[in-house]
Amino acid sequence: MRYLAILLWAIAASADTRLFVVNGTTETPVADAYGVPTTAPGDSTDTRFRVRNSDGSTVTVPTLALSGFGFSFPSEPSLNSDASAADFRVRFAPAFAGSYSANLSVNGKGTILHGLAAPVVTLAPEGGAPLPTGTVIDFGNVQRGSQGLRGFRLDNPNPTAANVTVTVSGAAFTGPIGLTLPVPAGGSASFQILCRPQTTGTLTGAVTVDQRSFPLTVLAFDPAMPAPSLVVDPPTASSSQQVHLSVMLASASAVAGSGTVKLEFRSAVAGMADDPAVRFVSTGSRVASFQVKAGDSSGTFNGQPDIVFQTGTTAGSIVLTLQTTDTTKQASIAIGALPPAVATIAAVRRVNDVDVTVTGYDNTYSMSQLSFTFYDAKGAAIQAPLAADARAAFQSYFRGSTTGSSFLMLASFPVTGDATKIAAVEMSLTNSSGVTNVQRTSIP
Amino acid sequence: MKAALVWGVTLSTLAFGEIRPPRVGLAVDAQANWRVIYGVAGNFVCGEAVRPGIAQAGFAGSLGYVVDQGAVVLLDGSGNEATRWTVQSANPRVALSSDGRAAIWDDLQLVLRQDGAWQPMAFDAAALGGDLIGLAVTADGVRFAVQRGDSRWIVATSGDVARIADGQGPVFLLDDGTAVAAVDSVSNDGGLVIRRADGKEERIATATAIASMAALGRGWLQLRDATGVSLGLAVETGRIYYLPDSCIVVQEGEEQE
């Protein structure tokens, strides 16, 4: 047992720690010293190292130590999935130009790191400190079509004038503007970058000073359309009307926009859930789209300043919902219950009958009593009014109606005697909201 | 419920003939369908399409016509063909009367249909003294709307002549002697002049100029304005309404957007 312990100690002692630099998938052995990439003052460069045992045995998390100005560990070391190696990084971030070195200890084994900070022309925002490479330059929020201008400064710490290449990329960005080269020795040169987004959203680009790149970003937006409101003409409505609807803005809009207006009919009549006549007349639809041009203070519907909708022939309410990307507004128009409405009445005399034809609507769907009074040519009533209960006939008609409550009623009256003596007719119609008396109508 | 005999005549309790949806007439919609329009003034509901692909049509209450494939086709109120007359021009002028007569002005020829037969009429087109822009069959014959220079005139077969309006634009003559002319003198935008049979005139402003007129139904004209909007003119009241133009016949309870 004692020999076995000595053998295990010997194997462990022979598993020597070896250090590599990893670049992509390439591992390069590191000897006693290693030079990290040359880095500009203010920038930083990370170098990835890998630890393996010389005999290929599994490793543990290495014990690391680093001493030296400008060098640091940016993160903890980590084992790979099968513990065959452990990786760690060393960051070189020189603050000033010059030569740097540090002692890196891995499991007690030392390696000297060398670094060189070459003096470069630096980029700084106007009035600010030089920016590390890769620093994102944010132009903030800029309205589409407008512009934002940012000033920058190139500082040349070198003892000779520097000709640098400055390029600006990205559709929203233009520059450099006003840059004069070379940048004098120990001096500065200023320039500007113009941001003028033509689309909305997060737009990106970059400004590059020689090989050092700095991302540019801007959030381009469209300003909101001024608050829209619905205008109906006439402002109050009844059944069987055509109402003009327009969309007005609180002020002239700086941007183009659009929205929709939706009609919803809420019936007040039991058993009549809807009225098909309630819709925009020109389109036959219950939704209409409107557009707003930049500079306009009102919307247009298919190029027209307003759109017309019908109120139908059913008591209830019409709810108008205006919707834009950031606004929803509603308005309601009450359609009150009315006595029967008569649109036309005509009477004709035949040999043995008088026919009375009436068109109209009953927005309560409750037509009940009808009464007819016939007159002679001198205006005297020929007989007492003829009354009829029309409730069942109208209920039957309304049940199958696809035109709301509008109706054409043909009433025929058999005549005994000389029909030519019948010269005119008056009628009244009754529903749950009242009685409508129709003016006397001549019979030609 | 017979009432007492007072004047030698008695009316009995009414016998309902029928109750049905009121029909305003037939109109050509934006999709060129000749379509029934139901409802009452200010509340129109699309009905069935009677004929598709129609550019010119009219309906006079019981008789209608369409211009279809080189013929003027007369139809009854249900859209059934009654008769047809082959025409030479693409845009013949057609007039209907409420008593079932019809007139066609085609390629400078006048044809009348009355008593169930077509009758070409000897008529000297040069006597009109201008271009025919409208036609009516009236109780006393045929009347013409004529563009003479920069004014429009009504010319009767009897020889009577009356100026209806200045300028250019459509004129519609009704069989009762009423004339409707589109004018630009009522407002800056447009307007109509309605001249009744008794000579009285009404002037009605419109939002845009009226570009065409057609018979929609008894007492109704279909107008199209310069922007293509379909309007209905109730001739008796002189009121103008918007007509349904993109008809989607909606089933009861259906939410249509």
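1. Let's start with B:Asp166, which is partly exposed, its relative accessible area being 45%. Bear in mind as you read that this is a predicted model. The side chain of B:Asp166 meets that of B:Arg163 in a salt bridge, at 3.4 Å from N to O. B:Arg163 is partly exposed too, with a relative accessible area of 44%.

2. While we're on charged pairs, have a look at chain A. There, A:Glu27, A:Arg48, A:Arg50, A:Arg52 and A:Asp87 are joined into one network by salt bridges that share partners. Counting over all chains, the structure holds 24 salt bridges. As a bit of background, side chains of opposite charge can pair when their charged atoms come close.

3. Back in chain B, B:Asp99 is worth finding on your screen. It forms a salt bridge with B:Arg101, and the closest N and O atoms are 3.2 Å apart. Is each partner buried or exposed? B:Asp99 is exposed, with a relative accessible area of 52%. B:Arg101, on the other hand, is buried at 17%, which falls under the 20% cut-off used for that word.

4. Next up is the pair B:Arg51 and B:Glu81, whose side chains meet in a salt bridge with an N to O distance of 4.0 Å. Which parts of chain B does this pair tie together? B:Arg51 sits in strand β5 (residues 43–51) and B:Glu81 in strand β9 (residues 81–86), so the salt bridge links parts of chain B that are 30 residues apart in sequence. As for surroundings, B:Arg51 is buried, with a relative accessible area of 16%. B:Glu81 is partly exposed, and its value is 40%.

5. Now leave the salt bridges and turn to A:Ser371. You'll find A:Ser371 in strand β28 of chain A, which covers residues 369–375. This serine is buried, with a relative accessible area of 18%.

6. What does A:Ser371 touch, leaving out residues up to four places away in sequence? The contacts are A:Pro385, A:Leu386 and A:Ala387, along with A:Glu426, A:Met427 and A:Ser428. One more distance to check in the viewer: A:Ser371 and A:Asp389 are 18 residues apart along the chain, and their C-alpha atoms are separated by 8.9 Å.

Definitions and conventions: Residues are numbered from 1 along each chain as its sequence is written. Chains are lettered from A and ligands numbered from 1 in the order in which they are written. This is a predicted model: local features need pLDDT of at least 70, side-chain atom pairs count only at pLDDT 80 or more; totals for chains, interfaces and linings use all residues. Side-chain values use heavy atoms; hydrogens and water are left out. Helices (H or I, at least four residues) and strands (E, at least two) are DSSP runs, numbered from the N terminus. Buried means under 20% relative accessible area, exposed over 50%, partly exposed in between (1.4 Å probe, protein chains only). Contact means heavy atoms within 4.5 Å.
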